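Subject: Handing over a structure, with notes

Dear colleague,

I am passing a structure on to you, and I would be glad if you could look it over before reading my notes. Please keep it open beside this email as you read.

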Amino acid sequence: MPLSFEVLERCGAARRGRLHTPHGVIETPAFMPVGTLGAVKGLGPPTLRQLGASVMLSNLYHLEVRAGVDRIERLGGVHAFTGWSGPILTDSGGYQVFSMADRRTIDDQGVRFKSHVDGRAMAFTPERVLRLQAQLGVDIAMMLDECPPWPVDLATASASWRRTLDWARRARQGLAEEHRRGWSGDLFGIVQGSVYPELRARAAVELVELDFAGYAIGGVSVGEPTPERRAVVEWTAPELPEDRPRYLMGVGYPADLVHAVAHGIDLFDCVLPARNARHGYFFTRQGPLKIKNARYAEDPEPVDGDCGCPVCGSVSRAFLHHLFRSREITGGVLATQHNLFFYLTLMADLRAGIAAGDLDRRAARWLPEG
């Protein structure tokens, strides 16, 4: 198996592990910055490395729309094309099944998208999605899945899962051929089932029988309330193999990450750190700081006095307030650096907490009281 995963230490259900990939090691639990088009908005690969990132997530649908997988392959693959030398995971386009419902049709064969850029037709099948990700040369490919909306009734969620399971089987069958062609990465399966515990449990069992390199919990953070989202993690994580990495897709706020780590999740991604940064929303240990507020116009303090990021070490709240009020692009870039540093340092501290056996105490330091 091209990927290998080892659990090094435990603290309750939480685990500190090490995921070995063709382009380097990922210490887990780990947060993956989202570089949809091959880059986190405003940040280049050197900055990502300086902030402590070990892996980046990109999106197959968007890379196929622009610049095109064939072109990226001709230019040496996604690592050479983006300049990011570490591990890369690509989402399959399954989230676009949910988010672009008005621009796609779906049947048992796959999904047909109408490009949001130029309107051209794009056909995604389980086999083609795997082939495209292998062409890119990614380390971790996600299977094509159907991400149902919320709310959704049990019958619809069950039918959606049966389709996703069939797609999982088809993708798994094509994996050996991609390895024969020279691809050195591997494939993760995705457990769906919405907010129905019996469906999530059955989905996990059926997917594990297919023996994927890792397993993701998908279909969360699509509008469901926090208690339901966290319950899905609590039901599903124990159903997944101990010796494979577990990935919670698209989540979330720091408190969600802490909760999921405590229940045995290893990998995370979310657009929140970068997207919120572009709107002047800073994550801090004291809670969110909205830099556009007038109260910061003459505030000489750093965003977070407990933060060791380059932004907090060099510029004031007043300057950042000025940048955002002036609509200067530098404000969003600096905010993104700070927020990603916050998330990546949070994960490093949670790993240390698992190793030291004091996860709860360390986690509490990152969450505002109340």
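Below I go through the salt bridges, the cysteines, a charged patch and some details of the backbone.

Please bear in mind from the start that this is a predicted model, and that every value I quote has been computed from it.

Let me begin with the salt bridges, of which the count comes to 28. In one of them the side chains of Arg 131 and Glu 178 meet, with N and O 2.9 Å apart. This pair links distant parts of the chain, since Arg 131 sits in helix α6 (residues 126-136) and Glu 178 in helix α7 (residues 154-180), 47 residues apart. The two partners are not equally covered: Glu 178 is buried because its relative accessible area is 5%, whereas Arg 131, at 25% relative accessibility, counts as partly exposed.

Helix α7 takes part in another such link, for Arg 163 forms a salt bridge with Glu 146 in which the closest N and O atoms are 3.2 Å apart. Here Arg 163 belongs to helix α7, while Glu 146 lies in the loop between β10 (140-142) and α7, 17 residues apart. Glu 146 is buried, with a relative accessible area of 13%, and Arg 163 counts as partly exposed at 22%.

A further salt bridge joins Glu 206 to Arg 162, with the closest N and O atoms 2.8 Å apart. Glu 206 lies in helix α8 (residues 197-208) and Arg 162 in helix α7, so this pair ties together parts that are 44 residues apart in sequence. Glu 206 is buried at 15% relative accessible area, and Arg 162 is partly exposed at 38%. Elsewhere, salt bridges that share partners join Arg 10, Arg 15, Glu 242, Arg 246 and Asp 266 into one network.

Turning to the cysteines, how many disulfides does the structure hold? The number is 0. For Cys 147 the reason is distance, because the closest cysteine sulfur, in Cys 270, is 13 Å away, too far for a bond. Cys 307 is in no disulfide either, and the nearest cysteine sulfur, that of Cys 309, is 3.5 Å away; a pair would have to lie within 2.5 Å to be counted. Both Cys 147, at 7% relative accessibility, and Cys 307, at 16%, count as buried.

On the surface, Lys 41, Arg 66, Arg 275 and Arg 278 form a positive patch. Of these residues, Arg 275 is found in helix α11 (residues 272-277) and counts as partly exposed, at 45% relative accessibility.

Finally, the backbone has some details that are worth finding on the screen. Most residues other than glycine have a negative phi, and most peptide bonds are trans. Arg 66, already met in the patch, is joined to Ala 67 by a cis peptide bond with omega at about 10°, and Ala 67 is in the loop between α2 (60-65) and α3 (69-74). Another cis peptide bond, with omega about 5°, joins Val 251 and Gly 252, and Gly 252 is placed in the loop between β13 (246-248) and α10 (254-262). Ser 194, although not a glycine, has a positive phi of about 55°; this serine lies in the loop between β11 (186-191) and α8 and counts as buried at 7% relative accessibility.

With best wishes

Technical notes
Residues numbered from 1 in each chain as written. Predicted model: local features only at pLDDT ≥ 70, side-chain atom pairs only at ≥ 80, totals over all residues. Heavy atoms only, no water. Patch = residues over 30% accessible without salt bridge, like charges linked within 9 Å, V, L, I, M, F, W, Y side chains within 5 Å. Areas by Shrake-Rupley, 256 points an atom, 1.4 Å probe, with all protein chains shown as cover. Salt bridge = Lys/Arg side-chain N within 4 Å of Asp/Glu carboxyl O. Lys, Arg positive; Asp, Glu negative; His and termini not counted. Charge placed at Lys NZ, Arg CZ, Asp CG, Glu CD. Helix = DSSP H or I, 4+ residues; strand = E, 2+ residues; numbered from the N terminus. Buried < 20%, exposed > 50% of the residue type's maximum accessible area, 1.4 Å probe, protein only.
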